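I set out to keep a short notebook on a single protein model. The entries record what I looked up, one topic at a time.

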Amino acid sequence: MIRLRRTVTRAALALAALLGAPAAAAAQDDGAWNSGRALELIQRAQERRQVALSDTGMVDYQADARGYIYFYLDRRDTGERTLVKTDQVALDVFWKAPNLSRQRIIGLRDERNLPTNIRYHEDHLTVVQDNFGDLIRLGDGDEVADVLHPASSAGPSAYDYRLADSTTIRLPGADEPVRVYKVQVRPKDASRPALVGSVFVDRRGGDIVRMEFTFTPVSYVDEQLDYINVLLENGLYKGRFWLPNRQQVELRRQVPELGLPAGGMIRGTMRIGNYRFNQGLDLAQFAGRRVVSVPVAQREAFAFEQPMDAELREAGLSATGELGDIRREAAELVGRRLLSGLPGTRIDLSSATGTVRYNRAEGLAIAPGARFTPGERWSLGIRGGYATAAEHGFGEVDLWRGALPDRLGMGVYANQLRDIGVGTQVISGAMNSVTALVAGYDFTDPYFATGAELRADRPVGRGWNGAFRLRAELHRQAGLETDFSLLGGGSHFRPVRPIAEGEFYGGSVAVRRVVPAERARGLGVGVTVDAGVLASEFVRYGHWRPRVDAGWISRGSGGSELTLDAAAGAAFGDVPPQGEFLLGGRGTVPGYGFRSYGGHTFAFARAGYAAELFRPFVRGRVFAAAGWADRRKGAVGFVPFTSVVPEPRPLRTGSLFSVGAGVGLLFDIIRVDVARGLGENGVWEVIVEANPSFWDFL
């Protein structure tokens, strides 16, 4: 654990103020790039790297290493992560003077959550024993090749150094916290292969205690690499030897030309301990390859001390913390230049529905897009297209500074498709396009908005994130513009619900605490309040709507899972039709007519239990749901009905109950559920859908 304290510059300046201006100037120089003190520390680190190899107090050592390697999908636009595969590895680590090393993989097992054939480079499964030597290579040279180490003899010719902090670190083998100097490192020429980050130097002896860094874009050999973050931490043994203790590597890949919704992320964590010194290891033991492995059967039979999901249950896959800090600090060191290895301009395919979709209000809508990333902190997106049945153009331009969970932005949009409902997605966009085109079932209640919005996303506490929006826009009625479907001839398309057209001014505030998908159990909570004024031709509406969501999940051994979800909300004031809540059918309480219930207040709850039946091909599930909707008496609700927008069937109010069962197929990617609504309005309903964890980019 690290506690950063700016004792170097602040304490030195305070003391220097008492001693006079010359001392003050000297203290300020210590915090400058390439100050005498910073260069002295790097020189000491260089010397200690050479001395450590010739120290006769350590002839050889053997240690145990245990690690986890995760491969998952990383979605920058939502901050969500989907675990694909977990590997757990055990190694015997050997070293012998003057600088011989060998590692033996004695245990290796994996678990797949989604189909994948990924194979890791050898160094993703092993330990860095020498802080990389003078030249840094990753991925056996396929990812990063021959980047100069900042503490090599040639380092000062390629890097700038700055003394940043005096830091206290608690490490194994040390009787008390170790005081180190944090030296920031940046390349003199950012257009050349180099690292960007920090080196932590032992205040007493000058040894490198810790390194944390990323790389300049040109360092990446693989053109699909977005970035690599590295953290190496050493422990103090026998009071004088700094040896590997904890190591983390994180790398992200993505197709360079396409702004796909998710990138592939590999994160490895290795812990090294149980050092045994001077055992008289045989020199012949180090002959041949540096990394060897016991037979497959022996690896798979290894008795690991921790279960496969031990680390995930504790820490999750969040990008916050040390690895996330590395990239943010590196951007500051190089003046917020783009540190990604990907091109700054890419085709935006972040959402399938945003690019191509089909529904009864637009017909076929196609909207290509592009995203520009001129720097590490800025992102500009442009998307525009045409809706064939509605015969109008539509599009959006958005600008963001920062990244989730801390960013500011704004957007302007024209004919943006909106959906009346209860504020949660009830179907993936891709599946809605398929059902509409094939069978004439459109599970949205659309209208259009044109306007502008100011946006802010900020952390608001431990584990809590906030979203703030202010908007001014024009609401416009959608119509039933097409009756074409491949099978249904349009007969199944529902009428489009009427809205109150006019100018809207309002905003929303939301705070959420989300349980990461890989956590064993937890409670997620969300609170949202939106409010606004809509001036239509006939009525002026002023309303506000609070809403609460909660979800609890508990995962057991063998893939079993128990979930409880609930939501409730109310609309106060003069509520326009697009501000009402609609309930019933898929996504809320299945087994009823789709959105056949509604009003100004609602509540619904769902409970489910799932378990593996034939992993990974079949996963079984049972569920039950209940809901309630009501309408306030005397509420404003007048909307003129036209031949384009006929008067809809009145919404029911009251209670809904349903039960059902289903299966998840092939790693639970495709789900097929059958539900029955209970009571006189209940019906049988069959729901085919993708796993909800993929909805945001479908």
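The entries below cover a pocket, salt bridges, a surface patch, backbone geometry and two distances.

**Entry 1. Status of the model**

I note at the outset that this is a predicted model.

**Entry 2. The second largest pocket**

I looked up the second largest pocket and found a volume of about 1,200 Å³. Its lining consists of 49 residues, and those nearest the centre are V128, Q129, D130, N131 and F132. I then listed the elements that contribute two or more residues to this lining: α3 (36-53), β2 (60-74), β4 (100-112), β5 (135-138), β11 (225-237), β12 (241-253) and β14 (263-277). Strand β12 provides the largest share, with eight residues. By residue class, I recorded 22 nonpolar, 15 polar and twelve charged residues in the lining.

I followed D130 further, as one of the residues nearest the pocket centre. D130 belongs to the loop between β4 and β5. Its relative accessible area is 38%, so I entered D130 as partly exposed.

**Entry 3. Salt bridges**

How many salt bridges does a search of the whole structure find? The search returns 51. I examined three pairs and one network.

The first pair is R267 with E250, whose closest N and O atoms are 2.5 Å apart. R267 is in strand β14 and E250 in strand β12, and the pair links distant parts of the chain, 17 residues apart. Are these two partners buried or exposed? R267 is buried at a relative accessible area of 7%, and E250 is buried as well, at 2%. The cut-off for buried is under 20%, so both values qualify. I note that β12 and β14 also appear among the elements lining the second largest pocket.

The second pair is R371 with D398, where the N to O distance is 3.1 Å. R371 sits in strand β19 (residues 369-375) and D398 in strand β21 (residues 392-403), so this salt bridge ties together parts that are 27 residues apart in sequence. R371 is partly exposed at 24% relative accessibility, whereas D398 is buried at 10%.

The third pair is D445 with R494, with 3.0 Å from N to O. Both partners lie in loops: D445 between α9 (429-439) and β23 (446-461), and R494 between β24 (464-477) and β25 (502-513). The pair therefore ties together parts that are 49 residues apart in sequence. D445 has a relative accessible area of 0% and is buried, while R494, at 23%, is partly exposed.

The network links E612, R615, R619, R621, D668, R671 and D673 through salt bridges.

**Entry 4. A nonpolar surface patch**

I next looked up a nonpolar surface patch of about 980 Å². The residues that make it are L613, F614, F617, L665, L666, I670, V674, W684, V686 and V688. Which element gives the most to this patch? Strand β36 does, with three residues. Strands β32 (601-614), β35 (670-678) and β36 (684-690) each supply at least two.

I checked L613 individually. L613 is part of strand β32, and its relative accessible area of 60% makes it exposed.

**Entry 5. Backbone geometry**

I recorded the background first: most residues other than glycine have a negative phi, and most peptide bonds are trans.

Two cis peptide bonds were entered. One runs from L404 to P405, with omega near 10 degrees; P405 is in the loop between β21 and β22 (406-419). Another joins R615 and P616, with omega of about 5 degrees; P616 is in the loop between β32 and β33 (618-630). R615 is also a member of the salt-bridge network.

I also entered two positive phi values. N34, which is not a glycine, has a phi of about 60 degrees. N34 lies in the loop between α2 (21-30) and α3 and is partly exposed at 30% relative accessibility. E391 has a positive phi near 55 degrees. E391 is placed in the loop between β20 (378-387) and β21, and it is exposed, with a relative accessible area of 60%.

**Entry 6. Distances**

Finally, I took two C-alpha distances. D130 and M410 are 280 residues apart along the chain, and their C-alpha atoms are separated by 47 Å. A568 and R676 are 108 residues apart in sequence, with 22 Å between their C-alpha atoms. A568 is in strand β28 (residues 561-570) and counts as partly exposed at 35% relative accessibility.

Technical notes. Residues are numbered from 1 along each chain as its sequence is written. This is a predicted model: local features need pLDDT of at least 70, side-chain atom pairs count only at pLDDT 80 or more; totals for chains, interfaces and linings use all residues. Side-chain values use heavy atoms; hydrogens and water are left out. Patches are made of residues with over 30% relative accessible area and no salt bridge: like charges are joined within 9 Å, nonpolar side chains (Val, Leu, Ile, Met, Phe, Trp, Tyr) within 5 Å. Accessible areas come from the Shrake-Rupley method with a 1.4 Å probe; for residues, only the protein chains shown count as cover. A salt bridge is a side-chain nitrogen of Lys or Arg within 4 Å of a carboxyl oxygen of Asp or Glu. Helices (H or I, at least four residues) and strands (E, at least two) are DSSP runs, numbered from the N terminus. Buried means under 20% relative accessible area, exposed over 50%, partly exposed in between (1.4 Å probe, protein chains only). On a 1 Å grid over the protein atoms alone, a cavity is a set of points where a 1.4 Å probe fits but cannot get out, and a pocket is an open set with protein on both sides within 12 Å along at least five of seven lines; lining residues have an atom within 4 Å of a point. Grid points are joined across faces, edges and corners, and a volume is the space filled by probe spheres set on the points. Ala, Val, Leu, Ile, Met, Phe, Trp, Tyr, Cys and Pro count as nonpolar, Asp, Glu, Lys and Arg as charged, and the others, Gly among them, as polar.
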